[in-house]
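Visitor: Hello! I am new to this structure and would like a close look at a single part, the ligand and its surroundings.

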Amino acid sequence: MDPLKALADAERKPYWLDEDPFEPEPLPRIFGHTQADLAIVGGGFSGLWTALLAKERDPGRDVVLLEGQRVGWAATGRNGGFCHASLTHGLANGLERWPYEIADLHRLGVENFNAIEETIARYGIDCSFERTGELNVATEEWQLDEMSEVHTIGRELGADIEYLDRDQVRAEVNSPTYIAGVWERGDCAMIDPARLAWGLRLACLRLGVRIYEHSPIKHIVKDGAALRLTAPYGTVRANRVALGTGAFSPLLRRLRHYLAPVYDYALMTEPLTAEQLASIGWKNRQGMGDSANQFHYYRLTDDNSILWGGYDAIYYNGGRVKIGYDQRDATFLTLAEHFYETFPQLEDVRFSHKWGGLIDTCSRFSAFYGTGYGSRLAYAVGYTGLGVAATRFGANVMLDLLDGLDTERTRLRMVREKPVPFPPEPIRSGVIQLTRWSLARADANGGRRNLWLRTLDRFGLGFDS
Ligand SMILES: Cc1cc2nc3c(=O)[nH]c(=O)nc-3n(C[C@H](O)[C@H](O)[C@H](O)COP(=O)(O)OP(=O)(O)OC[C@H]3O[C@@H](n4cnc5c(N)ncnc54)[C@H](O)[C@@H]3O)c2cc1C
């Protein structure tokens with residue numbers, strides 16, 4: 001089908017947030033003054049996990065969560081729903097950056113992932129959690145080396161991971177573009193992210209967390225031994241503060257050096273018929289990803305629609321963030337074209353939704369952590385497109401730091417080190433656009449990396465989504 005036609009009637013909103021009967025009523029905004037032991041800023045996965053774990057650790061702790069819009073409206077309610085155990089944006093990135101720590105990071109990631117499954121069951125959260133694993137496919141010869149390295153090391157770390165040759169991978173999911181694949185069978189689940197966020201919200205409320213929506217915090221200042229957070233119509237005085245503000249302008253100024261807000265986009269198809277689904281196989285319903293620098297991720301929903309996202313990662317010069325930027329027709333068209341190239345047998349399938357969302361990219365592609373205001377405030381940001389599961393780990397790190405605990409988590413180099421900062425604007429925009437251009441060229445030229453990318457590689461720097 002002509003991709004333009006296939007996109008013509010697609011709703012311009014995130015599929016997960018569109019008229020879902022599970023969507024809760026809004027909560028009140030904050031009016032007047034209140035006090036709390038812990039104030040959490042941000043109602044995405046990061047803030048929600050922090051609130052839940054804070055109450056589970058200490059039910060007597062008075063916890064307030066302040067969300068600028070609605071709980072789960074941002075990246076948390078717009079993502080691909082890949083709940084992956086990795087804390088390091090994938091094994092390859094973790095291996096490159098923390099080779100001596102990777103075994104611990106892998107184990108801690110799996111423990112965190114298992115705890116998410118257990119929490120979902122314990123609170124009865126209906127978010128279509130399906131432990132499908134993830135199948136990463138190669139579509140070009142140059143991608144095979146890294147793929148087999150990930151397979152070998154993954155096995156050595158004890159992961160349930162299998163290398164599939166061309167025939168085996170096509171027997172799993174039938175695309176003429178695949179030449180090999182690596183299937184990580186455990187440690188990754190497909191979820192409905194908005195329903196997970198709403199379920200965590202309800203669990204928090206039941207444990208006594210006070211949640212205020214439409215309450216953007218404008219600034220934080222010291223107030224005696226505590227901190228004061230100011231929203232348009234109210235303030236909170238809190239002994240401790242946790243920031244889970246994702247890609248949005250951070251309330252701690254110094255974090256701006258490390259974060260770049262990047263837009264990532266996705267499409268949803270209409271539900272496939274039984275014959276259409278049979279034409280691609282996909283009986284094991286794995287989350288899928290391809291292996292180019294500009295990669296796609298895709299998965300089935302519980303009604304057998306396909307979410308198809310990724311490829312473009314758009315940085316608007318100056319780090320601009322605007323509501324309208326979550327729609328980008330040029331990217332939707334590219335995504336639709338790639339969809340039909342991957343699955344030509346689905347040429348009759350149309351798209352029902354098209355949307356984008358903001359990612360908190362940092363130069364090491366995985367979250368970083370720290371404190372401010374004399375350790376009264378902690379932050380965990382920079383998840384760079386793989387934060388569905390890792391935000392729970394980050395929440396535990398923030399609570400460890402705020403409680404002054406010396407734990408296995410806080411001792412990790414990954415937790416103690418910061419990423420290399422991005423340069424200031426306007427150099428930042430130039431550097432990011434040059435990197436994006438170079439990555440696209442590498443994909444078009446058999447993976448060959450130009451001098452610029454090789455220089456970044458040498459310093460462990462990069463740009464990803
Ligand atoms: C299109 C897309 C696809 C993705 N796919 C995946 C995937 O498949 N798997 C995966 O693991 N990750 C994926 N991600 C990334 C994942 O969604 C994020 O890492 C994760 O949701 C981050 O959660 P968060 O709470 O840190 O940020 P967010 O969900 O962005 O939440 C931050 C919240 O803070 C609030 N806030 C900010 N500033 C203030 C303030 N001053 N006062 C009050 N509130 C404030 C915002 O309103 C927002 O609600 C994807 C992201 C996108 C955009």
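Which backbone atom lies 2.9 Å from a nitrogen atom of the ligand?

Guide: Happy to help! This is a predicted model, in which local features need pLDDT of at least 70 and side-chain atom pairs count only at pLDDT 80 or more, while totals for chains, interfaces and linings use all residues. Residues are numbered from 1 along each chain as its sequence is written, and side-chain values use heavy atoms, with hydrogens and water left out.

The atom you ask about is a backbone N or O atom of Ile 217, 2.9 Å from a nitrogen atom of the ligand. That is a polar contact, meaning a pair of N or O atoms within 3.5 Å; within protein, one must be able to donate a hydrogen and the other to accept it, and residues adjacent in sequence count only if both atoms are side-chain atoms. Gly 387 also takes part through its backbone, with an N or O atom 3.0 Å from an oxygen atom of the ligand. Thr 76 uses its side chain instead: one of its polar atoms lies 2.6 Å from a ligand oxygen.

How covered does this leave the ligand? On its own the ligand has 1000 Å² of accessible area, and the protein covers 95% of that. Such areas come from the Shrake-Rupley method with a 1.4 Å probe; for residues, only the protein chains shown count as cover. The elements that give two or more residues to the shell are α2 (45-57), α3 (75-78) and β16 (351-361). Here helices (H or I, at least four residues) and strands (E, at least two) are DSSP runs, numbered from the N terminus.

In total, 37 residues surround the ligand, where a residue is near a molecule or strand if one of its heavy atoms lies within 4 Å of it. The closest are Glu 67, Trp 73, Thr 76, Phe 82 and Val 388.

Let me add a word on the cysteines. The structure holds zero disulfides, a disulfide being a pair of cysteine sulfur atoms within 2.5 Å. Cys 83 has no such bond because the closest cysteine sulfur, in Cys 188, is 7.2 Å away. For Cys 204, the nearest cysteine sulfur is that of Cys 127, at 14 Å. Cys 83 is buried at 1% relative accessibility, and Cys 204 is buried at 0%. Buried means under 20% relative accessible area, exposed over 50%, and partly exposed in between (1.4 Å probe, protein chains only).
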